[in-house]
Amino acid sequence: MRLFVTGLALCVGAHAALAQAQAQDANLARNLAAACFSCHGTDGHAQSGMASLAGRPQAEIMRIIGEFRSGARSGEQGTLMPQLVKGYTDAQMALIADYFSRQKPVQGAP
Amino acid sequence: MQTRRDFLKAGSAAGALAAASYAAPARAQSVGRVVVVGGGYGGATAARYLRLWSEGRIEVTLVEREPAFVSCPLSALVVGGSKRIEDITVGYEGLARLGVKVIRGEATEVDAEKKTVVLQSGQKLPYDRLVLSPGIDFIPGEVAGLDDPKAFDTVPHAWHAGPQTVLLRRQLEAMKDGGVYVITIPLAPYRCSPAPYERVCQVAWYFQKRKPKSKIIVLDANEEIQAEKALFQAVWNGPYKGMIEYRPSNDVKEVDVATRTTVTDLGDKQQADVLNVIPPQRAGAIAGKAGVISVNQRWCQVDWLTLESVVRPGIHVLGDSAFPASVMPKSGHMANQHAKTAAAAIIELMSGRAPNPAPMMSNTCYSFVDDKRVIHVTSTHAYDAAEKTMKAVPGSGGTSATASELEGRYGFAWARNIWADMLG
């Protein structure tokens, strides 16, 4: 129960921080997500061989990020992403995931 | 010139659809002019994102001396022979379609007072802000015998991808079995720290298949392998065991081009059948002309919020020419990240707003140890407001556990994606 409450508080905290950050800088989410574009394509529209992130629900991206973080996704499921995500806060990741979720998906993308 | 071939074609369907949404915006109100010098990983990315993110409100001119982009990443595969130069060449048409004015030429002067770039042709390009992404040039006088550029027709550096890469490949093909390939590595920092060791793997892969009696000698001015040491050692002592002689702290100061002989600072001589000298490097020459080289007469110190020179306001410096923050590599991927931070900041500044106060950058380098297997190194860098620099985030980043074909496939996918991200 206590864990749950802490988790909820973290969640609310992250979302409040997210809203505040976006209010201060309308391009913050885009600028953070742009670091991902190098491999995952501009606005998450990937070329073949990398995951397209455009149009994926925020919750789905955050779940996968969480699995990279926890080590649940590793080995063949996560080569460098488990190392890379540790450079970002949950609030930053929530902004990035939100940005990709709002991009138009490419038809037929994986 | 559309020369992405074969393994790049696979991504073209999704690419074409994505490209459709990035057509040139119709006649937007201009907020100013930016000239970008250098169409590599930094400059091409900056040109593209200035157009995309300003929605066409910034007029962008890109000055590039070559007719098409040739990638340094993956060029080791051309040296090894599993890829051709066409496979790592991409044209600038995608940028032109976005409204970037692409000029083939050489920028020779910058008048920072008048805010004008002068080209070798005499053409003058006025700018409101200037982006310099000229990569590296070799420091004259550091290696005796190499000051005449013609020396590199015999002793290739192949540290600019293109004809030099092809020349090195041809020399390796022409070499007799039982010959000696010597590669020299300068003191760090130099462009792309794992790249010389990746090249050694590629030459070893080729020799193993075609010229098994041949030998590789690595003359490294540094005390040890500069990146992914344990991983490279595992490959050199594994599949390539007995083929590579690594000599640390061997700083080559002189080359006799006619006999392909190197001389170190201690006077040790080594003759080669194919000699590949990578000379010490500094920011590209135009950075010197623009007066933005500010560290050790080699590199350009920048404000990491904007990539703007700390000595010449209005001039932004990207990529290998920038004096790197602590543990920040000089890589194509890093230049692409510099460029996006700079493009975002330039648009904010030209629109009368403040740039993002907390930029983040990541790096990924894939090194091919043969034609299929890859090792990676990755890092994440966050802006530190107190020290006004980028710092690697503690606990983040790392390397592969071992070389794998899975990461080889990611390596090729990385190339397809970043080339599309920078060139459209």
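**View 1. The salt bridge between B:R191 and B:D320.** In this predicted model, B:R191 pairs up with B:D320 in a salt bridge, and their closest N and O atoms sit 2.5 Å apart. Between domain 1 and domain 2 of chain B, the salt-bridge count comes to 1. Polar contacts add to the picture here, with 6 residue pairs counted between these two domains, both partners at pLDDT 80 or more.

**View 2. The domain 1 side of the boundary inside chain B.** Look here for the pieces of domain 1 that touch domain 2: α3 (75-80) and β10 (136-138) of chain B each chip in at least two residues. The largest share belongs to α3(B), which brings 6 residues to this side. Sorted by class, the domain 1 side has 10 nonpolar, 6 polar and 4 charged residues.

**View 3. Chain B and its two domains.** Zoom out a little and chain B splits into domain 1, made of 6-138 + 282-357, and domain 2, covering 149-279. Their C-alpha centres are 30 Å apart. Where the domains meet, 20 residues of domain 1 are in contact with 22 residues of domain 2. Together the two domains of chain B bury about 1900 Å², and carbon and sulfur atoms account for 69% of that.

**View 4. Where chain A meets chain B.** Now for the boundary between the chains: 32 residues of chain A are in contact with 41 residues of chain B. About 3100 Å² gets buried between chain A and chain B, with 55% of it on carbon and sulfur atoms. On the chain A side, the residues that lose the most area to chain B are A:S38, A:Q47 and A:Q83, which together make up 20% of what that side buries.

**View 5. Polar pairs across the chain A and chain B interface.** How many salt bridges does the rule find across this interface? The count for chain A and chain B is 0. What the rule does find between these chains is 18 residue pairs in polar contact, both residues at pLDDT 80 or more. On the chain A side, the elements that give two or more residues are α2 (28-40) and α4 (81-85). The largest share of that side comes from α2(A), with 10 residues. By class, the chain A residues that touch chain B divide into 12 nonpolar, 15 polar and 5 charged.

Conventions: Residues numbered from 1 in each chain as written. Chains lettered and ligands numbered in written order. Predicted model: local features only at pLDDT ≥ 70, side-chain atom pairs only at ≥ 80, totals over all residues. Heavy atoms only, no water. Contact = heavy atoms within 4.5 Å. Buried area = accessible area lost by both parts, 1.4 Å probe. Salt bridge = Lys/Arg side-chain N within 4 Å of Asp/Glu carboxyl O. Polar contact = N/O pair within 3.5 Å; in protein donor to acceptor, adjacent residues only side chain to side chain. Helix = DSSP H or I, 4+ residues; strand = E, 2+ residues; numbered from the N terminus. Nonpolar A, V, L, I, M, F, W, Y, C, P; charged D, E, K, R; others polar. Domains from an automatic or database assignment.
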